[in-house]
Amino acid sequence: MCDVLNEIYKEIYKEKFNYDKLDHRIKLQKAVYLLENMGIYVGDYSFSWNKYGPYSIGLDYDAKKYCKEIEKKDVPFSDVTKQCFNKVREYLSEITVYDQKDWMECIASLHYLKHVFRIDDNNLISELKKRKPYLNNDTANNKAKDIVNNISIVGF
């Protein structure tokens, strides 16, 4: 499993995953969450709300237990999965005032608030800012909301 997680992280963020860095763990969580919501099966991970938005304890366990000092192995990904990687990298290219971690947290959190907590579009940004006061840039948050409204299962 770790080969897959390491390669997902490297494909999306263009850097090696390091479990000891909190930013890396958060970014991995958000990438896997978004990929799963695009229809890509990464693992048997269920997500719940956490301080940093959608969080999977199972994913963190796998990353902690298996993603320490392993040999690099090439992992073949399907064309559909590669399309999703490209889409997530596209989202990253739209970063405004937030760093990568906060930007991915913003997108994933808005998605979770909308699709799990069922917060309507009119209240989505205010709910995000209430739960995460540091994500308070309206321009960036609205751009993230547009991304969330266009996330769909690839191929459908």
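**Entry 1: H4 and H5**

I began with helix H4 (residues 79–92) and helix H5 (residues 100–115), which pack with their axes 10 Å apart at an angle of about 115 degrees. H4 is therefore roughly perpendicular to H5; I checked this against the range of 65 to 115 degrees that counts as such. I recorded the crossing of H4 and H5 as right-handed. I then listed the residues that make the contact: H4 supplies Val-88, Tyr-91 and Leu-92, and H5 supplies Gln-100, Trp-103, Met-104 and Ile-107. Sorted by class, the contact of H4 with H5 has six nonpolar residues, one polar and no charged. I note here that the model is a predicted one.

**Entry 2: Leu-34**

I next looked up Leu-34, which is found in helix H2 (residues 22–37). Is Leu-34 buried or exposed? Its relative accessible area is 0%, so Leu-34 is buried, the limit for that class being under 20%.

I asked which residues Leu-34 is in contact with, leaving aside its neighbours within four places in sequence. I found Met-104, Ile-107, Ala-108 and Ile-151. Two of these names were already in my notes, since Met-104 and Ile-107 of H5 also take part in the contact with H4. I also took one distance from Leu-34: Lys-101 is 67 residues apart from Leu-34 in sequence, and the two C-alpha atoms are 14 Å apart in space.

**Entry 3: H2 and H3**

I stayed with H2 and turned to its packing on H3. The two axes come within 11 Å and cross at roughly 130 degrees. That angle makes H2 oblique to H3. I recorded a right-handed crossing where H2 passes H3. On the H2 side I listed Arg-25, Leu-28, Gln-29 and Val-32, and on the H3 side Leu-59, Asp-60 and Ala-63. The classes in the contact of H2 with H3 are four nonpolar, one polar and two charged residues.

**Entry 4: Ser-56**

Two residues of that contact, Gln-29 and Leu-59, led me to Ser-56. I located Ser-56 in the loop between strand E2 (53–55) and helix H3 (57–66). With a relative accessible area of 1%, Ser-56 is buried.

What does the side chain of Ser-56 reach? I found the backbone nitrogen of Leu-59 at 3.1 Å from the side chain of Ser-56. Leaving aside neighbours within four places in sequence, I noted Gln-29, Tyr-45, Ser-46 and Phe-47 as the residues in contact with Ser-56. Gln-29 thus appears twice in my notes, as a contact of Ser-56 and among the H2 residues that meet H3.

**Entry 5: H6 and H7**

I then examined helix H6 (residues 121–131) and helix H7 (residues 138–150), whose axes are 11 Å apart and which pack at an angle of about 125 degrees. H6 and H7 are therefore oblique to each other. I entered their crossing as right-handed. From H6 the contact takes Asp-121, Leu-124, Ile-125, Leu-128 and Lys-129, and from H7 it takes Asp-138, Asn-141, Asn-142, Lys-145 and Asn-149. I sorted the residues of the contact of H6 with H7 into three nonpolar, three polar and four charged.

**Entry 6: Asp-138**

I picked out Asp-138 of helix H7 for a separate look. Asp-138 counts as partly exposed because its relative accessibility is 39%, a value between the limits of 20% and 50%. Not counting residues up to four places away in sequence, Asp-138 touches Ile-125 and Lys-129. Both of these partners are H6 residues of the contact with H7. I also took the separation of Asp-138 from Asp-121: 17 residues in sequence, and 14 Å in space from C-alpha to C-alpha.

**Entry 7: Positive phi**

Last, I looked up two residues for their backbone angle. Lys-14 is not a glycine, yet I read a positive phi of about 60 degrees for it. I placed Lys-14 in the loop between helix H1 (2–13) and H2. Lys-14 counts as exposed, at 59% relative accessibility.

Arg-118 likewise is not a glycine and has a positive phi of about 60 degrees. I placed Arg-118 in the loop between H5 and H6. The relative accessible area of Arg-118 is 63%, so I entered Arg-118 as exposed, for which the limit is over 50%.

Conventions. Residues are numbered from 1 along each chain as its sequence is written. This is a predicted model: local features need pLDDT of at least 70, side-chain atom pairs count only at pLDDT 80 or more; totals for chains, interfaces and linings use all residues. Side-chain values use heavy atoms; hydrogens and water are left out. Helices (H or I, at least four residues) and strands (E, at least two) are DSSP runs, numbered from the N terminus. Buried means under 20% relative accessible area, exposed over 50%, partly exposed in between (1.4 Å probe, protein chains only). A polar contact is a pair of N or O atoms within 3.5 Å; within protein, one must be able to donate a hydrogen and the other to accept it, and residues adjacent in sequence count only if both atoms are side-chain atoms. Contact means heavy atoms within 4.5 Å. Axes are lines fitted to C-alpha atoms, for helices over the stretch in contact, and angles run from 0 to 180 degrees between N-to-C directions. Angles under 35 degrees count as roughly parallel, over 145 as roughly antiparallel, 65 to 115 as roughly perpendicular and the rest as oblique. A crossing is left-handed if the near helix is turned anticlockwise from the far one by less than a right angle, and right-handed if clockwise. Ala, Val, Leu, Ile, Met, Phe, Trp, Tyr, Cys and Pro count as nonpolar, Asp, Glu, Lys and Arg as charged, and the others, Gly among them, as polar.
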